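Q: Could you take a close look at the part where the two chains come together, and walk me through what packs against what?

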Amino acid sequence: MAEQTAVKKSANKQNTLGYRIRRNKVCYFMMAPYFILFFFFTVLPVVISIALSFTYFNMLEFPTFVGWQNYIQLFLEDDIFLISLKNTLIFAVVTGPISYILCLLFAWIINEFSGKVRAFLTLIFYAPSICGNAYMVWNLILTGDRYGYLNGILIKLGILDEAILWMKTEKYVLPVLIVVQLWLSLGTGFLSFIAGLQTVDKTLFEAAALDGVKNRWQELWYVTLPAMKPQLMFGAVMQITQSFAVADISIQLAGNPSVNYAGATVVTHLLDYGSTRFDMGYASAIATVLFLLMVGTNKLVQRMLRRVGE
Amino acid sequence: MEKKRRRLFRRKPRKLNRSMAGNGIMFFIMFICGIFMALPLVMIINNALKPLDELFQFPPKIFVRNPTLENFTDLFVLMNNSWVPFSRYILNTIIITGGGMVGHVICASLAAYPLAKHNFPGKNLLFSMVVLSMMFSWTVTQIPQYIIISWLHINNTYAALVLPAFSFGMGLYLMKQFMEQLPDALMESARLDGASEWRIFWTIVMPNVKPAWLTLAIFQFQQMWGNTGGLFLRSEELKPLQYSLQQITAGGTARAGAAAAVTFIIAAVPITFFLICQSSVLETMTTSGMKD
């Protein structure tokens, strides 16, 4: 009996917070450099930004508290924000999953090749992401007169009679931007999948073949994907942060503001207020709404990914 | 010795579960898509080699007809005329890009190891903070960040660019995900042999996640290489190469040739780094099979 209480006591002792912290001292030391810097350069700025979203702040005068005013204006009075929100959601829903699957598919196919061919193919597919503002190529393709490559080809084939001003016609802006975004999207997720595929144990494939896996697709679903779940999670988060934050390509190809705001996204709207109108309070409110949107999506996607390979 | 020789003479194992038709289709898809993806590369290389009259040709052609290195000689002349000696820009870039990359890979990996393989109070909170931070728009946090950097008195020093780079969120997340896959038995046996956590980290964990940190190095190199110093560096002597190269292209139409050469160099450096890292990513895991 006495022994039992002694055991219980020591178990209790092991469960106290102080003890657990002291026992893992080395963990905290290892994390210290990163998290101290992270606190100063990321956590603090984010907290300050969220606080600023409740103020009027023009970057010259000291911010004045305005309560929910920015948020109320955002949802009730700002039609352009609602347009940009709609565009961003379309963007995210279309490009997010497609580009995620493309990243995975291409990484997986490239992994089938060996040696130099594989390195070369990886470079080719990663090229749009590594070449800086590579999407400028699309300016040439989409030039609005008949000398633009796309117009030229379509006219030659007899599909079009006259040139189309691609980026100045409302109904083409969003679809074109989606295509360009997909083309650009084999970036972070893609490379991490390539690296992830490298860490899948080769003996698993042999074992699976003995267990009756018959073709490459079954192998992908039952063996490869479950083995690289951590990378899939990572890729999903990167995909969300990319597809919700589309702005650069829209500004470069369609302009900001674009024709009738056809290419406006939440982030172009934010940039408009942040760097053109110097209304940082309002811009911070936009950023906070976008943040909540991404967090929600992330929760949903992570839940779905847990079921891969079942 | 015996084992080594056997591995040397082993015949290449036949790949399981692969049909010829499937391979053919895969190759075809890759070929078509590859053409599209290679477009910017092809264009940058061709533009850099075009003489001025071809650069201004209308309608523009993708392929160069009379390749020349004129653009590069023009660029070198411009570089030699710069106010700050060009070698200084190169030094700045090495410090900023190299420092930001190495520091980030080390800091992020060190922090990722306990998060992936240990249990301690506050673990989930810290990790979710990092993941969530990636979703907050960077444009908005820039202003508070500037205030904090001035407050720390590191404004207009290399530290203003390099220190924040140490703590980017993505690297920690990437490293943690890869470390999570390592079997616990690997570390347990080292622990029984009396190795300290630091030792386990350097000699067991890091070698086993080499593809991860090489990939992270690629990302971080690209990120830091693209940095022009922006808000945080005001002195001309501290600016990186990217900045001075972009200044050359800002010369407008008169410098179109040099600008094409600049675009080439700006892309060529990270591509070279990419190829070096990527080829080591691809060879590591074929040799080690430590998984459970």
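A: Here is a walk from the interface into the core and on to one short helix.

Keep in mind that this is a predicted model. Chain B puts 77 residues in contact with 78 residues of chain A. On the chain B side, helix α15 (residues 256-287) of chain B supplies the largest share, with 11 residues. As for character, that side of chain B splits into 54 nonpolar, 19 polar and four charged residues.

Now zoom in on one helix pair that spans the chains. Helix α3 (residues 25-52) of chain A and helix α6 (residues 86-117) of chain B have axes that come within 8 Å and cross at roughly 140 degrees. Because of that angle, α3(A) counts as oblique to α6(B). The crossing of α3(A) and α6(B) is left-handed. From α3(A) you'll find Cys27(A), Met30(A), Met31(A), Pro33(A), Tyr34(A) and Phe35(A), and they meet Cys107(B), Ala108(B), Leu110(B), Ala111(B), Tyr113(B) and Pro114(B) of α6(B). The contact of α3(A) with α6(B) has 12 nonpolar residues, with no polar and no charged ones.

Two of those names come up again in the core. The largest nonpolar core has 153 residues, and the members touching the most others are Tyr34(A), Phe190(A), Ile286(A), Ala111(B) and Met175(B). The biggest contribution to this core is from α6(B), at 12 residues.

Follow Ile286(A) next. Leaving aside residues up to four places away in sequence, Ile286(A) touches Leu74(A), Val266(A), His269(A), Leu270(A) and Tyr273(A). Val266(A), His269(A), Leu270(A) and Tyr273(A) are among the buried residues of α15(A), and that brings us to the short helix. Helix α15 (residues 266-276) of chain A has nine of its 11 residues buried, so it is largely enclosed by the rest of the structure. The buried set of α15(A) also includes Thr268(A), Asp272(A) and Gly274(A). What covers the buried residues of α15(A)? The cover includes α5 (79-112), α14 (248-254) and α16 (280-305) of chain A, along with α8 (138-151) of chain B. Just past the end of α15(A), Phe278(A) adopts a positive phi of about 50 degrees.

For a contrast, try Glu170(A), which sits in helix α9 (residues 170-184) of chain A. Glu170(A) has 12 other C-beta atoms within 10 Å, so it is exposed. Even so, Glu170(A) touches Val259(A), Asn260(A) and Ala262(A), not counting residues up to four places away in sequence. The C-alpha atoms of Glu170(A) and Ala262(A) are separated by 5.7 Å, although the two residues are 92 residues apart along the chain.

Methods: Residues are numbered from 1 along each chain as its sequence is written. Chains are lettered from A and ligands numbered from 1 in the order in which they are written. This is a predicted model: local features need pLDDT of at least 70, side-chain atom pairs count only at pLDDT 80 or more; totals for chains, interfaces and linings use all residues. Two residues are in contact if their C-beta atoms, placed from the backbone, lie within 7 Å. Helices (H or I, at least four residues) and strands (E, at least two) are DSSP runs, numbered from the N terminus. Ala, Val, Leu, Ile, Met, Phe, Trp, Tyr, Cys and Pro count as nonpolar, Asp, Glu, Lys and Arg as charged, and the others, Gly among them, as polar. Axes are lines fitted to C-alpha atoms, for helices over the stretch in contact, and angles run from 0 to 180 degrees between N-to-C directions. Angles under 35 degrees count as roughly parallel, over 145 as roughly antiparallel, 65 to 115 as roughly perpendicular and the rest as oblique. A crossing is left-handed if the near helix is turned anticlockwise from the far one by less than a right angle, and right-handed if clockwise. A nonpolar core is a set of buried Ala, Val, Leu, Ile, Met, Phe, Trp, Tyr and Cys residues joined through C-beta atoms within 7 Å. A residue is buried if 20 or more other C-beta atoms lie within 10 Å of its own, exposed if 12 or fewer, and partly exposed in between; C-beta atoms are placed from the backbone.
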